[in-house]
Amino acid sequence: MRYWPDFIPPALAAHWFDALRDTVAWEAQRRPMYDRIVDVPRLVASYRFDDDGVPAPLVEARMRLREHLREPFNAVGLNFYRDGHDSVAPHGDKLHMLVPRHPIALLSLGAARRMTIRAKAPHREVVHLDLEPGSLLVMSHASQLTHEHGIPKTREPVGPRISLAYRVRPPKAAR
């Protein structure tokens, strides 16, 4: 994993946050868990870059990421954490939905939030990383097999945060 705390300048990161918060068609989802249906504790959205209507900040961020990482990102998933009650449980990305050998790039906008990264191996070493506004965390494809990552709930007062997860997805026909 690699981390750049100030990948996007603060003023630009704040501008992108405001634009995405106000223009994305955020979805509240529900999913089965332990014999019941529960609310997903965050709002979500996703775009493929070969579709129409991708918001300009996502396209601009993709250009910067492609230039910096030399990766052909073709999709982005967005998570909107409204406050400390919103979270995502520890998980690894679904590898069948990713093209092998390409990393996942997480760009953070809005308030800082703590990510927990934990090894799946028996000792389950844990790293806590405060994802700052404008920061970039890059996780390898292989790390999804060896580690889990998540954003835990917190009782500390935190502002809203938007996470942009850039990925290389298989072509639509192959899914």
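Which residues is Leu78 in contact with, leaving aside its neighbours within four places in sequence? In this predicted model, the contacts of Leu78 are Val24, Trp26, Leu43, Val44, Ala45, Ser46, Tyr47, Leu58, Ile162, Ser163 and Leu164. Leu78 also belongs to the largest nonpolar core, which has 31 residues. Leu78 is among the residues with the most contacts inside this core, together with Leu58, Ile162, Leu164 and Tyr166. At least two residues of the core come from each of helix H1 (10-23), strand E3 (36-48), helix H2 (56-69), strand E4 (75-81), E6, E9 and E11. H1 gives the most, with 5 residues. A second core, separate from this one, has 13 residues, including Leu106, Met115, Leu131 and Met139. In soluble globular proteins, nonpolar side chains tend to be buried together.

Strand E6 covers residues 104-110 and is mostly covered, with 6 of its 7 residues buried. E6 pairs with two strands described here. With strand E9 (residues 136-139), E6 pairs in the antiparallel sense over 4 bridges, and Ile104 stands opposite Met139 in E9. Met139 is one of the residues of the second core. With strand E11 (residues 161-167), E6 again pairs in the antiparallel sense, over 6 bridges. In this pairing Leu109 stands opposite Ile162 in E11. Ile162 is in turn among the residues with the most contacts inside the largest core, and is also one of the contacts of Leu78.

Strand E10 (147-151) is likewise mostly covered, as 4 of its 5 residues are buried. E10 and E5 pair in the antiparallel sense over 2 bridges, with Val88 opposite Ile151 in E10. E10 is also joined to strand E7 (residues 113-119) by 4 bridges, and these two strands run antiparallel. Here Ile117 stands opposite His149 in E10.

Is Ile151, a residue of strand E10, buried or exposed? Ile151 counts as buried because its relative accessibility is 2%, and the cut-off for buried is under 20%. Leaving aside neighbours within four places in sequence, Ile151 is in contact with Tyr81, Ser87, Val88, Arg113, Arg114, Met115, Leu131 and Arg161. Two of these contacts, Met115 and Leu131, are included in the second core. Ser87, another contact of Ile151, lies 64 residues away in sequence, yet the C-alpha to C-alpha separation of Ser87 and Ile151 is 5.2 Å.

Empty space was examined next. Rolling a probe the size of a water molecule over the atoms shows where such space is left. The largest pocket holds about 1,100 Å³ of space and is lined by 43 residues. Arg31, Arg42, Asn79, His91 and Arg167 lie nearest the centre of this pocket. Strand E2 (27-33), E3, E4, strand E5 (88-91), E6, E10 and E11 each supply at least two residues of the pocket lining. The largest share, 10 residues, comes from E3. By residue class, the lining divides into 21 nonpolar, 10 polar and 12 charged residues.

The search of the whole structure finds 1 cavity of 30 Å³ or more, and the largest cavity holds about 30 Å³ of space. This cavity is lined by Met1, Ile117, Met139, Ser143, Gln144, His147, Glu148 and His149. Helix H3 (143-146) and E10 each supply at least two of the lining residues, and E10 gives the most, with 3 residues. The lining divides into 3 nonpolar, 4 polar and 1 charged. Ile117 and His149 both line the cavity, and they stand opposite each other in the pairing of E7 with E10.

Finally, the backbone angle phi was considered at two residues. Most residues other than glycine have a negative phi. Arg70 has a positive phi of about 60 degrees although it is not a glycine. Arg70 lies in the loop between H2 and E4, and counts as exposed because its relative accessibility is 67%, where the cut-off for exposed is over 50%. Arg101 also has a positive phi, near 75 degrees. The loop between E5 and E6 contains Arg101, which at 75% relative accessibility counts as exposed.

Note on methods. Residues numbered from 1 in each chain as written. Predicted model: local features only at pLDDT ≥ 70, side-chain atom pairs only at ≥ 80, totals over all residues. Heavy atoms only, no water. Buried < 20%, exposed > 50% of the residue type's maximum accessible area, 1.4 Å probe, protein only. Pairing = 2+ DSSP bridges. Core = buried A, V, L, I, M, F, W, Y, C linked by side-chain atoms within 4.5 Å. Contact = heavy atoms within 4.5 Å. 1 Å grid on protein atoms, 1.4 Å probe; cavity = no way out; pocket = protein on both sides within 12 Å on 5 of 7 lines; lining within 4 Å. Points joined across faces, edges and corners; volume = space filled by probe spheres on them. Nonpolar A, V, L, I, M, F, W, Y, C, P; charged D, E, K, R; others polar.
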